[in-house]
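Here are my notes on the structure, written so that you can follow them with the model open beside you. Please go through the points in order and find each residue as it comes up.

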Amino acid sequence: MKLYYSRNLNPRVAVAVARYLNAPVEFVRASPRNPANEAAFRRINPNALVPVLVERDRTLWETDAIACRLAMLAGSDFWVTGTHAPEFQMWVSWSIHHLTRAASVFYWEHVVKPHLGDISVDGEALREAAGEFHRYAGVLEDALSERTWLINERLSYADFRVATVLPFAAASNLPLQQYSHIRRWHEQLCELPAWSNPFEGLA
């Protein structure tokens, strides 16, 4: 079983999940958008993106699907089912469509563009994203003021997913100063080696 990854936002989450669950995967660093690789990579993911999990004759792309499958293989409740499943799905969906979407603008402007050699900064995009980020960070801050973890007072994939961009907060200039509960919660996550350094020992 192979997990194709890069060191960007969503692939990082997938690698962290695999490390946390001690999944028996071979980690393969990939650059699917490299013109030399794209045609071949589309055979396992027509979107030409990572992460991708290849398991015998099954291929899964998208971070959440991969996390679900790895939890199933591990027999783990890290992917929440049962009574708390709707709340779990709510936070996973919310993170993708709201908090991470806003925060990813900071990541793009301050991390990705400089890496590509573009030193320009789209100030208007950042101002718009800041409004959205503070709107949704406030929602998360309020939720975390009353709980240790997001679901049923225990660690779950919802915590990993909602925290997608936080390992890049400093590099992205993400405005987190006023959110003490978010910072406390992410410090807890960083006590897990799988989250704090998922790429340790990898290429």
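The points below go from the whole chain to single residues.

1. Status of the model. This is a predicted model. Please keep that in mind for every point that follows.

2. Elements and their order. The protein contains nine helices and four strands. Along the sequence they come in the pattern β-α-β-α-β-β-α-α-α-α-α-α-α. The radius of gyration is 17 Å, close to the 17 Å that the globule rule gives for 203 residues, so the protein is as compact as a globular protein of that length. The C-alpha trace spans about 45 × 45 × 30 Å along the principal axes.

3. Inside and surface. Of the 203 residues, 47% are buried. The exposed area of the protein is about 10300 Å², and carbon and sulfur atoms supply 51% of it. Among contacts with a separation of 6 or more, 66% are between residues 24 or more positions apart.

4. Charges. There are 20 positive and 22 negative side chains. The centres of these two sets lie 7 Å apart.

5. Helix H8. Which residues of H8 are buried? In this helix, residues 180–189, they are Ile182, Trp185, His186, Gln188 and Leu189. Seen down the axis of H8, the buried residues fall within an arc of 150°, so they line one face of the helix. The cover over them includes helix H5 (123–144), helix H6 (157–162) and helix H9 (193–196).

6. Glutamine 188. This residue is in helix H8. Its relative accessibility is 17%, and buried means under 20%, so glutamine 188 counts as buried. Leaving out residues up to four places away in sequence, glutamine 188 touches Thr148 and Trp149. Glutamine 188 and leucine 155 are 33 residues apart along the chain, and their C-alpha atoms are separated by 9.9 Å.

7. The loop between H2 and S3. Two residues here deserve a look. Proline 51 is in the loop between helix H2 (38–41) and strand S3 (52–55), and the peptide bond from valine 50 to proline 51 is cis, with omega near 10°. Alanine 48 lies in the loop between H2 and S3 too. Alanine 48 has a positive phi of about 55°, although it is not a glycine. Is alanine 48 buried or exposed? Alanine 48 is buried, with a relative accessible area of 0%.

8. Arginine 56. The loop between S3 and strand S4 (58–61) holds arginine 56. Arginine 56 is not a glycine, but it has a positive phi of about 50°. With a relative accessible area of 78%, arginine 56 is over the 50% needed to count as exposed. Look at it after alanine 48: arginine 56 is exposed, whereas alanine 48 is buried.

9. Threonine 63. Helix H3 contains threonine 63. The relative accessibility of threonine 63 is 3%, so it counts as buried. What does threonine 63 touch, not counting residues up to four places away in sequence? The residues are Asn10, Val13, Ala14, Pro51, Tyr157 and Arg161. One of them, Pro51, is the proline that follows the cis peptide bond in point 7.

10. Valine 80. Where is valine 80 found? Valine 80 is in the loop between helix H3 (63–74) and helix H4 (85–115). It is buried, with a relative accessible area of 3%. Leaving aside neighbours within four places in sequence, valine 80 is in contact with Ala85, Phe88, Ile151, Arg154 and Ser156. From valine 80 to cysteine 68 is 12 residues in sequence and 9.1 Å in space, C-alpha to C-alpha.

11. Serine 172. Helix H7, residues 169–172, includes serine 172. Serine 172 is buried, and its relative accessible area is 0%. Not counting residues up to four places away in sequence, serine 172 touches Phe106, Tyr107, His110 and Val111.

Note on methods
Residues are numbered from 1 along each chain as its sequence is written. This is a predicted model: local features need pLDDT of at least 70, side-chain atom pairs count only at pLDDT 80 or more; totals for chains, interfaces and linings use all residues. Side-chain values use heavy atoms; hydrogens and water are left out. Helices (H or I, at least four residues) and strands (E, at least two) are DSSP runs, numbered from the N terminus. The radius of gyration is taken over C-alpha atoms; the globule rule is 2.2 Å times the number of residues to the power 0.38. Buried means under 20% relative accessible area, exposed over 50%, partly exposed in between (1.4 Å probe, protein chains only). Contact means heavy atoms within 4.5 Å. Accessible areas come from the Shrake-Rupley method with a 1.4 Å probe; for residues, only the protein chains shown count as cover. Lys and Arg count as positive and Asp and Glu as negative; His and the chain ends are not counted. The place of a charge is taken as NZ of Lys, CZ of Arg, CG of Asp or CD of Glu. The arc is that of the directions from the helix axis to the C-beta atoms.
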